[in-house]
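Visitor: Could you walk me through how the labels on this fold are earned? I'd like to hear the reasoning, not just the names.

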Amino acid sequence: MNQQLLRKLPKVDELLRAPAVEALRGEHPEQTVTDAVRKVIGNLRQGILNGQIDALPDQETLFAQIAGQIRSDVRPSMRTVINGTGIVLHTNLGRACLSEKAAQAASDAARRYSTLEYNVSTGGRGLRYSHVEELICRLTGAESALVVNNNAAAVLLVLSSMTTGGQVPVSRGELVEIGGSFRVPDIMEACGAQLKEVGTTNKTHLFDYERAICPETKALMKVHTSNYRIVGFTEKPTLAEMVELGHKYNLPVIEDLGSGSLVNLEQFGLHDEPTVQDSIRAGVDVVSFSGDKLLGGPQAGIIIGKKQYVDKMKKHPLTRAMRVDKMTLAALESTLRSYDNGTWSDIPTMAMLSASADELKEKAGILCDQLNQAGIPAQLAAVEGQVGGGSVPTQTIPSWAVALEGAVEALEEKLRLGETAIVGRIHNDRYLLDARTLWVEDFPTIVRAVKEALA
């Protein structure tokens, strides 16, 4: 039977001459259509060989498959996704979403010439980082600032410029690994510095750092464990204590803060996430953090601190290799201005984190009603979400979602593979769309997609 079906498979040339496929060749490049025909025939052949196909599709279905394959092939790989997971800083889905103003600023910088390195006042060359440095310093209280392409690069630059050829004491409880196997011990070695482990996993005292100080010590380092927590019988010195110790021995204190919030999240019920300003007020000499996490801006690594150290980094050979482009700077400047003028609630990340349970229930109720009106049984469900992006790892955020029941695995797959990808989550045999990370303007798209998936 397999051999008979294989012999009946239409030839690529025959399909390309069919009127329905000829019409597609008038709309798309010839190679695109040819590749799509080959893929469809190849999929049929593989299905027959695997025993998954026991009858060939009719011509109408076959042509529809070819047209669908073309749509899939020409669709951009990087495209919009509707995030119904409730994870605000979803790393796989691009982390922080830019505000409308920041996105427009990036678009303007991309489409037109700009003042990237031009000073219109003098008519001469300008400085790339002048667009954001003053803003960052005003918001954080730091003396100086520098921006590179992400926080991993920021840590690499800080250590390369300040610790090469020496030792750096770090608590054993802070030897973190973040995404992509980026490990503090490995990056220390790559920078030409020697890691000096101090304390234990759960307890590190100030005297542990002091005992580790020797003539080869170049700095003391603090790593904020933003993607995990050690709880229970624990102890660690405060930032102020570490700064006092460092300055006693004329050693700078470096902190990799990770997420880097400019707003105290306690007001939203999120605890144990320090602000950037806290570190500067404590006297930390150099602090690095991300731009696309709790800041809510574009991907960037922001370095702030004492001018004498940041100036040295600006002249380091690695800085040019790690510099950010005009679109990132434009988006970052716009994001920082939202904080500066007190309109940070316009930033999607902050709007999502600050949304109350009542607001989210009302929002989920709107989508639930729209689904029910379309004949789709849906219910409201109280759920728990996450900040994500390695931020506030031990806490969940109360939220409200729309719950759908039935063949949830099949529904999840169809929505994920739809024209506009919708990513939700399955919990207790229910498909959930968390209102915290949804936009109301996307509700008609969601209703239409769910209706088609269930048809």
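Visitor: Which residues of α17 meet α19?

Guide: In this predicted model, Lys363, Ile366, Leu367, Gln370 and Leu371 of α17 meet Phe443, Pro444, Ile446, Val447 and Val450 of α19. Sorted by type, the residues of that contact come out as eight nonpolar, one polar and one charged.

Visitor: Why are α17 and α19 called oblique to each other?

Guide: Look at the angle: the axes of α17 (residues 357-373) and α19 (residues 443-454) come within 10 Å and cross at roughly 40°. Roughly parallel would need an angle under 35 degrees, and roughly perpendicular starts at 65. The pair fits neither, and therefore α17 and α19 count as oblique. The crossing of α17 with α19 is right-handed.

Visitor: What does α17 lie across?

Guide: Helix α17 lies across β14, β15 and β18 (430-434), and runs at about 5° to β15. Those strands sit in an open sheet of five, ordered β2-β14-β15-β18-β17, with mixed pairing.

Visitor: What makes β2 and β17 edge strands?

Guide: Count partners: β2 (87-89) and β17 (425-427) each have a single partner strand, so one side of each has no neighbour in the sheet. From one strand to the next, the twist averages 45°.

Visitor: How do you know that β14 and β15 pair?

Guide: Two strands pair once there are at least two bridges between them. Seven bridges join β14 (residues 379-388) to β15 (residues 397-404), so the requirement is met. The two strands run antiparallel, and Glu384 stands opposite Pro398 in β15.

Visitor: And the other helix pair: why are α7 and α15 called roughly parallel?

Guide: Same kind of check. The axes of α7 (residues 130-140) and α15 (residues 326-340) come within 10 Å and cross at roughly 30°. The limit for roughly parallel is under 35 degrees, and therefore α7 and α15 get that label. Their crossing is left-handed.

Visitor: Which residues make that contact?

Guide: From α7, His131, Val132, Leu135, Ile136, Arg138 and Leu139 meet Leu329, Leu332, Glu333, Leu336, Arg337, Tyr339 and Asp340 of α15. They divide into eight nonpolar, one polar and four charged.

Visitor: What is the strand order in the sheet with β5 at its edge?

Guide: The order is β5-β13-β12-β11-β10, an open sheet of five strands with mixed pairing. Its edge strands are β5 (144-148) and β10 (220-223), which pair on one side only. Neighbouring strands here are turned by 15° against each other on average, direction ignored. Helix α7 packs on this sheet, where α7 touches β5 and β13, and its direction makes about 120° with that of β5.

Visitor: How do you know that β12 and β13 pair?

Guide: Bridges again: five of them join β12 (residues 286-290) to β13 (residues 301-305), and at least two are needed. The strands run antiparallel, with Ser288 opposite Ile303 in β13.

Visitor: Last one: what makes Phe268 and Trp344 an edge-to-face pair?

Guide: Two values do it. The ring centres are 6.1 Å apart, and a pair needs them within 6.5 Å. The planes stand at 65°, while edge-to-face asks for over 60, so the label holds. Phe268 is in the loop between β11 (253-258) and α12 (276-281), and Trp344 is in the loop between α15 and α16 (348-354), so the pair ties together parts 76 residues apart in sequence.

Technical notes: Residues are numbered from 1 along each chain as its sequence is written. This is a predicted model: local features need pLDDT of at least 70, side-chain atom pairs count only at pLDDT 80 or more; totals for chains, interfaces and linings use all residues. Side-chain values use heavy atoms; hydrogens and water are left out. Axes are lines fitted to C-alpha atoms, for helices over the stretch in contact, and angles run from 0 to 180 degrees between N-to-C directions. Helices (H or I, at least four residues) and strands (E, at least two) are DSSP runs, numbered from the N terminus. Angles under 35 degrees count as roughly parallel, over 145 as roughly antiparallel, 65 to 115 as roughly perpendicular and the rest as oblique. A crossing is left-handed if the near helix is turned anticlockwise from the far one by less than a right angle, and right-handed if clockwise. Contact means heavy atoms within 4.5 Å. Ala, Val, Leu, Ile, Met, Phe, Trp, Tyr, Cys and Pro count as nonpolar, Asp, Glu, Lys and Arg as charged, and the others, Gly among them, as polar. Rings of Phe, Tyr and Trp (its six-membered ring) pair if their centres lie within 6.5 Å; planes under 30 degrees apart count as stacked, over 60 as edge-to-face and the rest as tilted.
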